[in-house]
Structures are given as structure tokens and as C-alpha cells.
Amino acid sequence: MGAVSTPVSPIRDPLSDHLITPENAALILIDYQPSQFAAVRSMDPDLLLGNIVSTVKLANLFELPIVHSTVNVASGRGDPTVPELAGLLDHAPPVDRTTLNAWEDVDFLDAVRATGRRKLIFCALWTEICMAFPALDALREGYDVYPVVDAIGGTSAEAHRAGLERVTQAGGKPISWVSLACELQRDWAREETVPGVVEIVLTERLLQA
């Protein structure tokens, strides 16, 4: 008898897939600036920084478009993106704005639309304001919204939870940074990104003592 082969499902269309793929999603990164980090009370700021750094590394590995925004840097009232992230974002210069809701800034909105992606992975400080406001607007315009729950933070645990619940009740789909990595990779046979995923998720983070 010959070897019995295991049936393999057809490869799903990466554009129409209902899950996140490198071809159908963009990363939205808002206000990872020193003053915002300083007021986070919903999780340890060092852990938060590590998680958002890993998230951006994953976006770079899978070549996701990144829309990067800051608030009040041009006016002198805000400092730029923290250096640990800025060094990973040379290809995605920030859209600076004055609005609390990034979706109300024309340049930001143009940048989001220019990605051509309908699945938006949201990372912003703080959860209850700079994540929630534009996420709610994006949902209203028919985008799929994925807040990365452990790469965002609020001014209190209650504020973080309320911001996430508000977005979730409107149709948002919360994820973690590790689940994002696995959703993008999906199949270990996609060997070109396996070393990067192992490095970012396991070697640098989860297997650290």
C-alpha cells in the first residue's frame, strides 16, 4: 500500500480572509510618547513598552503598512515617540496632530485610507481616549478594528477596561500581541517569516527568564 497523504485545505484568499493576514491589515500606532507612558496605570509601563515594541517588530516582519501618529509635537507641548519605537519606524514618519481623536485629523485619515486595508490593528495611548475614539469612528465607517489589549494602556485599570468594552460593544475584536503574531504567521510552512516570529515572540520575550 502507498503512503496515505493528509488532506490539505486550499490556501485561503489573503485579501478576503476573515482573519488578519499580512495582505489585508494595517497597524495604527498612536501617541507612544513619554507623557502618555508616564500616566499609564493599567499595567506595568516597562511591560507595555516591551509589548508594543514586539508588536511593531511583527508589523515590520510581515510588511504591514503602519500609520504612525503623534500629538502636539510640532507645537512643542509634546515630546516625540519614545526612542525604543522611533528606531523601528524610520519608514513610517509620524503624522503630528492637535486633535485628541486622530480620526478627526485630515492627514491621519488620508494616511489610513491610503493603506487600502480594511482591517486596522489599533495600538494607542491611552486606551479610553486615543484608542477608543478613532476605533469607534473606524468601526462606524465599516473597518474591522482589532485593539491589541496588552500593547495599550489606560490611566487606570477601570479606564482601560471601559475603553476596551466600549470598542468591543461597537464591534471591535480584541487581540493580544502574541495572538497577532500567530494569526499573521498562520502556517509554519511559510518558512520565510518563521525565524523572525521565533526571535520576536520566543527568544526575545516569552522564553526569557
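**Figure 1. D144, a partly exposed residue, pairs with K119.** In this predicted model, D144 is partly exposed, with a relative accessible area of 24%. Its partner K119 is buried, at 7%. The cut-off for buried is under 20%, so K119 falls below it and D144 does not. The two side chains meet in a salt bridge, 2.9 Å from N to O. K119 belongs to strand 4 (residues 119–124) and D144 to strand 5, so the bridge links distant parts of the chain, 25 residues apart. Side chains of opposite charge can pair when their charged atoms come close.

**Figure 2. Strand 4 is largely enclosed.** How many of the 6 residues of strand 4 are buried? The count is 6 of 6, so the rest of the structure largely encloses this strand. Both of its faces are covered. On one side sit K119, I121 and C123, all buried. On the other sit L120, F122 and A124, buried as well. In a regular strand the side chains alternate between the two faces of the sheet.

**Figure 3. Strand 4 pairs with strand 1 and with strand 5.** Strand 1 (residues 25–30) runs parallel to strand 4, and 6 bridges join them. Here A26 stands opposite L120 of strand 4. Strand 5 is also parallel to strand 4, joined to it by 4 bridges. In this pairing F122 faces P147 of strand 5. Between strands 4 and 5 the chain passes through helix 5, and this β-α-β crossover is right-handed.

**Figure 4. Strand 4 residues sit in the largest nonpolar core.** This core holds 60 residues. Which of them touch the most other members? They are Y32, I52, F108, L120, I121, F122 and C123. Helix 2 gives the most to the core, with 7 residues. In soluble globular proteins, nonpolar side chains tend to be buried together.

**Figure 5. C123 and its contacts.** Neighbours within four places in sequence are left aside here. C123 is in contact with L27, I28, L29 and I30, among others. Its contacts also include Y32, I52 and T55. V148, A151 and I152 are on the list too. C123 itself is one of the buried residues of strand 4.

**Figure 6. E204 and K57 join two helices.** Their side chains form a salt bridge, 3.0 Å from N to O. E204 lies in helix 8 (residues 194–206) and K57 in helix 2 (residues 45–61), so the pair ties together parts 147 residues apart in sequence. Are these residues buried or partly exposed? E204 is partly exposed, with a relative accessible area of 29%. K57 is partly exposed too, at 26%.

**Figure 7. E141 in a loop meets R113 in a helix.** The closest N and O atoms of this salt bridge are 3.0 Å apart. E141 lies in the loop between helix 5 (127–140) and strand 5 (144–147), while R113 lies in helix 4 (residues 106–114). The pair therefore ties together parts that are 28 residues apart in sequence. E141 is partly exposed, at 35% relative accessible area. R113 is also partly exposed, at 44%.

**Figure 8. Salt bridges across the whole structure.** How many salt bridges does a search of the whole structure find? It finds 7. Shared partners join R12, D17 and R186 into one network.

Methods: Residues are numbered from 1 along each chain as its sequence is written. This is a predicted model: local features need pLDDT of at least 70, side-chain atom pairs count only at pLDDT 80 or more; totals for chains, interfaces and linings use all residues. Side-chain values use heavy atoms; hydrogens and water are left out. A salt bridge is a side-chain nitrogen of Lys or Arg within 4 Å of a carboxyl oxygen of Asp or Glu. Buried means under 20% relative accessible area, exposed over 50%, partly exposed in between (1.4 Å probe, protein chains only). Two strands pair if DSSP finds at least two bridges between them. A crossover is right-handed if, with the strands pointing away from the viewer, the path from the first strand over the helix to the second runs clockwise. A nonpolar core is a set of buried Ala, Val, Leu, Ile, Met, Phe, Trp, Tyr and Cys residues joined through side-chain atoms within 4.5 Å. Contact means heavy atoms within 4.5 Å.
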